[in-house]
Amino acid sequence: MILPSTTTTEKDITMNRKTIAAALLIAGTLAAGSAALAQQSAPAPQGPAAATAPVLTIQEVMDRLTREGWRDITKIEHERGKYEVKARGADGVRMELDIDDRTGAILKQERD
């Protein structure tokens with residue numbers, strides 16, 4: 001009975017190294033392609049503020065307005081990227097304000 005040879009030859013080692021190298025190359029290519037695809041499919045932020053700042057809470061908007069001298073805040077609603085606020089200014093005039101929901105800047109003021 002003849003048994004198969006169990007010794008590893010230089011040729012076998014070279015073939016194993018080539019097989020492993022090819023497998024690593026394929027795995028690396030797939031990983032890089034997946035990362036590139038994920039970056040392309042992510043939605044782009046809109047405007048400079050959208051890319052960096054979180055949306056302010058109602059309490060944060062109230063605190064900012066109070067520090068700026070606004071009082072008697074009776075309405076705060078969040079709609080379409082802004083807060084709509086009704087408040088009385090330092091001069092006592094009732095105003096309707098549009099506040100940027102990320103920066104807290106007053107976008108528009110008009111008498112209520």
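Does D98 count as buried or exposed, and at what relative accessibility? Hold that thought while we walk through the chain. The model is predicted.

Start with the overall layout. The chain holds three helices and four strands. Read from the N terminus, the elements run α-α-α-β-β-β-β. The helices therefore precede the strands in this order, as numbering follows the chain from the N terminus. Buried residues account for 18% of the 112 residues. The exposed surface of the chain comes to about 8,500 Å². Carbon and sulfur atoms supply 58% of that area. Now take contacts between residues at least 6 apart in sequence: 27% of them join residues at least 24 apart.

Next, the sheet. Four strands form an open sheet in the order β1-β2-β3-β4, and the pairing is antiparallel. The edges belong to β1 (71-79) and β4 (106-111). Each of these two has a single partner strand, so one side of each is left without a neighbour in the sheet. On average, neighbouring strands are turned by 20 degrees against each other, direction ignored.

Follow the strands pair by pair. β1 and β2 run antiparallel and are joined by six bridges. Within this pair, E77 has E84 in β2 as its bridge partner. The two strands form a hairpin, with two residues between them. Look at R80 in the turn: its phi is positive, at about 45 degrees.

Move on to the following pair. Strand β2 covers residues 82-88, and strand β3 covers residues 94-100. They pair in the antiparallel sense over seven bridges. Here K86 stands opposite E96 in β3.

One helix can be placed against these strands. Helix α3 (residues 58-67) lies across β1, β2 and β3. Its direction is about 140 degrees to β1.

Now back to the opening residue. D98 is found in strand β3. Its relative accessibility is 7%. Buried means under 20%, so D98 counts as buried. Which residues does D98 contact, leaving aside its neighbours within four places in sequence? They are K82, Y83, E84, A105, I106, L107 and K108. One of these contacts, E84, is also the bridge partner of E77. In this way the trail from D98 leads back to the pairing of β1 with β2.

Technical notes:
Residues are numbered from 1 along each chain as its sequence is written. This is a predicted model: local features need pLDDT of at least 70, side-chain atom pairs count only at pLDDT 80 or more; totals for chains, interfaces and linings use all residues. Side-chain values use heavy atoms; hydrogens and water are left out. Two strands pair if DSSP finds at least two bridges between them. Axes are lines fitted to C-alpha atoms, for helices over the stretch in contact, and angles run from 0 to 180 degrees between N-to-C directions. Contact means heavy atoms within 4.5 Å. Buried means under 20% relative accessible area, exposed over 50%, partly exposed in between (1.4 Å probe, protein chains only). Accessible areas come from the Shrake-Rupley method with a 1.4 Å probe; for residues, only the protein chains shown count as cover.
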